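Take a look at the structure shown here. The notes after it lead through it step by step.

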Number of protein chains: 4
Amino acid sequence: MTGLRYSTHGRDMALLTAVFTPFTAAGELDLDTVAKQADDLVAWGSAAAYVGGTAGEGASLSTEERRALVERWCEVAAGRLDVIVHVGHSSLVEARGLAAHAESVGVKAISAVAPYFHRPDTVDALVDSCAAIADAAPTLPFTYYHIPSMTGVSLRASDVLLAARERIPTFAGVKFAHNDMVDLQRCLHLAGDEHEVFVGVAKLVLAAWQWGARAAIGSVYNFAGPLFRRMLDHAARDELADARECQLLAQQVIDAAAWYGGELAGFKALGSLSGVDCGRCRPPLVSPDPEQVAALHAEVTALGFLGRVR
Amino acid sequence: MTGLRYSTHGRDMALLTAVFTPFTAAGELDLDTVAKQADDLVAWGSAAAYVGGTAGEGASLSTEERRALVERWCEVAAGRLDVIVHVGHSSLVEARGLAAHAESVGVKAISAVAPYFHRPDTVDALVDSCAAIADAAPTLPFTYYHIPSMTGVSLRASDVLLAARERIPTFAGVKFAHNDMVDLQRCLHLAGDEHEVFVGVAKLVLAAWQWGARAAIGSVYNFAGPLFRRMLDHAARDELADARECQLLAQQVIDAAAWYGGELAGFKALGSLSGVDCGRCRPPLVSPDPEQVAALHAEVTALGFLGRVR
Amino acid sequence: MTGLRYSTHGRDMALLTAVFTPFTAAGELDLDTVAKQADDLVAWGSAAAYVGGTAGEGASLSTEERRALVERWCEVAAGRLDVIVHVGHSSLVEARGLAAHAESVGVKAISAVAPYFHRPDTVDALVDSCAAIADAAPTLPFTYYHIPSMTGVSLRASDVLLAARERIPTFAGVKFAHNDMVDLQRCLHLAGDEHEVFVGVAKLVLAAWQWGARAAIGSVYNFAGPLFRRMLDHAARDELADARECQLLAQQVIDAAAWYGGELAGFKALGSLSGVDCGRCRPPLVSPDPEQVAALHAEVTALGFLGRVR
Amino acid sequence: MTGLRYSTHGRDMALLTAVFTPFTAAGELDLDTVAKQADDLVAWGSAAAYVGGTAGEGASLSTEERRALVERWCEVAAGRLDVIVHVGHSSLVEARGLAAHAESVGVKAISAVAPYFHRPDTVDALVDSCAAIADAAPTLPFTYYHIPSMTGVSLRASDVLLAARERIPTFAGVKFAHNDMVDLQRCLHLAGDEHEVFVGVAKLVLAAWQWGARAAIGSVYNFAGPLFRRMLDHAARDELADARECQLLAQQVIDAAAWYGGELAGFKALGSLSGVDCGRCRPPLVSPDPEQVAALHAEVTALGFLGRVR
């Protein structure tokens, strides 16, 4: 059985964290911090760690680093937390190698973006690429990660879902990281109970929950998991005004972080304030300097964010 | 001395070939074919092989394959041909590793595109990335490869040139693969005699030559080098009408190839007809099937192309 | 008082119809059909006719035609239906003239897109343009019509809302025609009870309703008003599964129409099947031919659409 | 005979000026200034005035203003200068009216951009639109004005040329305002001696001249006509280094103007310094304030521009 279902038919929503990759001040992989990250996710109830994706700067790591990171996550998760590994790469050879490695070390599932240098032009070509990757880890569920802003591949995720489930035996669903709620709705409709749709835009989580989504993956949960949990608790109790207030606070925090360093570097700076410090982003991303981090800290505090974290 | 100058002050233009990477029918690296490629380039007078770039599907190779390919090119070039290696990667760690490897095996120069998953937002961030790569091969000239259609990084190449030459001791110039002739002109003006600007759009070679460019890198020379040499001979003798006729024939051939498989897969199919057969492209690129290749062959023959190859 | 509020605090949602402009077979304005359109809207309970917008092909009409059309709508609405007039134009002089005319003939409100040939680059410049138009009809509420796909102006609607309400005394709200639900949510939050946000994407109506939106403007109501009314009735009774089924049927119908002629020409062809026949679109839009219209008719019937219209 | 040929087979190039529209301080049409503009163009040898195009802010004028402006140009040109009128509009009805009016007042030729709100999706639909306009002035040559940055219509100009000359009896050629030199070259090749290709990017004039272009239309000639004339004189005498120096100075001046107010508002501010003062741009364009104009003046003077005007 290759499914990867976090949704239930209840009113709860699973939050999977697209974990940051911790770096030392010198920019080296900092594997010691991974255990703290895992403890934190377990503490607030994240359903899984999604490792080496966009937030994890997987594309900025070497293949060797990606393997070491995955191995470390498997050690520290130790049955407390699912580990889902992003294995996407511009090279399908590398992606297949990462997939096979992930399977060999016992992860829960794999996931991949579209190839992002030479890019597939058609849904068929994209699904062929996904199939090649999935085939290298035949016992693991495979989730297509749709993120056109990074890959430049804008083929509709719902069309990919339709084709992929016919072609890929282990196809499990879609991680949807795009503001286009129309395509997201169509994914949710098509997925039914067979496949999972992971909401990948933190600002749309409540709207997607209202529509029926029951699983999300995001980087914002690295530092704001408890806020989203509270939001979802309100939602489950039909306290929509309160839920919306949580969502809007999250949006303000996200906008503040983006102002100081783009979403990723700003988010990572917030992680250092409110959760586990994973250091700065690797180049080519530019991280806020200490003064900017302090200003960001002050700004989100003024919004009332930190007091709500726990 | 870290320069990489192919331009002279004369009327000739150096043609460097962005070589295809040969694959077997099974899609494996076919290193045996590299010697034939080198012989062909020497035969018609290509100044260098640019290895592992866009045409070489470098981003679709594994790191290990990229290294093996470079080593093979160094063996077969054997002083007859310069070898310039593209070491760009979404990960600067991998790019630096490829740069150091290239230096260790004795290539002439390195070159890199901008990081293309997490992307630099500013000229400064881009030049920082280039500097990190160049620094890993401190004895080799470094050329920035500007190709916004693939990388999504549209920062003006002329602005990069201005900043990079202040920051990178081994900065050698720009490979310019974009239709924007305004930015190309500015690059040529700023480069002066200090830096090289490689024209990277085959359809603009004659226009750029008229403007003063004296070096080009392209994939079209894999199969149409002699046609471009003839074009440049006409140009050097002020036979501009004849030169333009060659350029327009090249454009028709390029358009025909693009029609059948996109520029790269179509070009590679032409290579199989008129030069050295390097097989099909790797996924996610889709190659024309045998019938389409036959139709393309017929079409370019009707244009009068094959008869002009030699 | 310049407000233009259709939202109540209840669970109902007002549907305003962005009415087609009827043309004769020769492409001339067909004012005789307008009365039938008005009757139809009154029959199913549309709150208003939005005249001369994108669906109304306002930009394809002459100024004289736009005036005649507005006058006709005022006659036939006759207190049964609000008339809101789109007065946007590439020329602010023309837009102001249309605004003053609209005021003189007794419409309920005006609305305008951003200038779309020379375009405002900043929120300030855009709000200046809106202010110039609003000022020409000082007794009428003014609604900014956000539709980046047509205007090429992508400034965030929520930022426009924030600035416009400070600058424009008659500012009434935003018609939001864009898939970006994040910006839509921010508009709804900022608007509060003071301003109206009209959902302008038919596929997002239910999601926006769940989020709290209580007014929509769209062209789809020309032929599918009753379906959306039924959807909203389900929603108001917390029958979300049924509501979602209506929304998904609407989406399939929209996709079918778009397939045959782009959203607008395809929609207009559906109007001819299920409501009032407004003829074909004007060039440069291309309308489906009779065979295609028949195929579209068959396709939406197979989806179960026509049977649900009433 | 409907041709509109400015090219000869010689080495000279005709410069047609896309004239600014003069406004008073209050933003009203300032018809008194038109005579001065015409005198200036005659003085330095511009071949024609192109009226009401992008630089002329035609889309920001009312229809009535556009007619008045054209009539005034016909009066002041008085056989000294050709008058070519831009009649493009989002509405083909208005465009046809402007075309018929232009014919009735004795202009030399008409020209139009693609419809730019509802946009043609295919070459066929675009050529249909052009045909509808051309047909309203059947004795006048018609030139398609290709400017994707304003219209959002990116269909290749060379494909339009191919189709338009089969369909439109009065088709005269293309005004090409786009940096894509590949498409420009194809236009020049296809045009041959039958049709005219007007280079519409000032920074590409010399490159296009080298390629064989012999006519250009641009707004930069409002203030830098003499500089371009000098450039072309050098080119005609094979003094390419000098010609290139003129082109590069022009590019620096253009970049300086764009910095202060975007190309159009900045250009108009330069007009006030070095030629005939046409006032500020209309909204939604934002014009530099007096301090910025002074700074721009200082900057281009430092570049050596003003001393070279005459």
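The paragraphs below treat the pairing of two chains, then one helix, then one lysine.

This is a predicted model: local features need pLDDT of at least 70, side-chain atom pairs count only at pLDDT 80 or more, and totals for chains, interfaces and linings use all residues. Residues are numbered from 1 along each chain as its sequence is written, chains are lettered from A and ligands numbered from 1 in the order in which they are written, and side-chain values use heavy atoms, without hydrogens and water.

Start with chains C and D. A turn of 180 degrees, with a shift of 0.0 Å along the axis, lays chain C on chain D with an RMSD of 0.0 Å. The superposition is by least squares on the C-alpha atoms of residues with pLDDT of at least 70 in both. That is the relation of a two-fold axis. Of the contact residues of chain C (heavy atoms within 4.5 Å), 100% recur in chain D, so the same surface serves both copies.

Now turn to chain A. Helices (H or I, at least four residues) and strands (E, at least two) are DSSP runs, numbered from the N terminus. Helix H2 of chain A covers residues 63–77. Its 15 residues should span 21 Å at 1.5 Å a residue, and the end C-alpha atoms are 21 Å apart, which agrees. The expected span is 1.5 Å times one less than the number of residues.

Which residues of H2(A) are buried (under 20% relative accessible area, 1.4 Å probe, protein chains only)? Among them are A:Leu69, A:Val70, A:Trp73 and A:Cys74. The buried residues pack against H1, E2, E3 and H3 of chain A, together with H3 of chain B. Just after H2(A), A:Ala78 takes a positive phi of about 45 degrees.

Finally, A:Lys36 sits in helix H1 of chain A. A:Lys36 counts as exposed (over 50%) because its relative accessibility is 52%. A:Lys36 and A:Asp277 are 241 residues apart in sequence, yet 9.3 Å apart in space, C-alpha to C-alpha.
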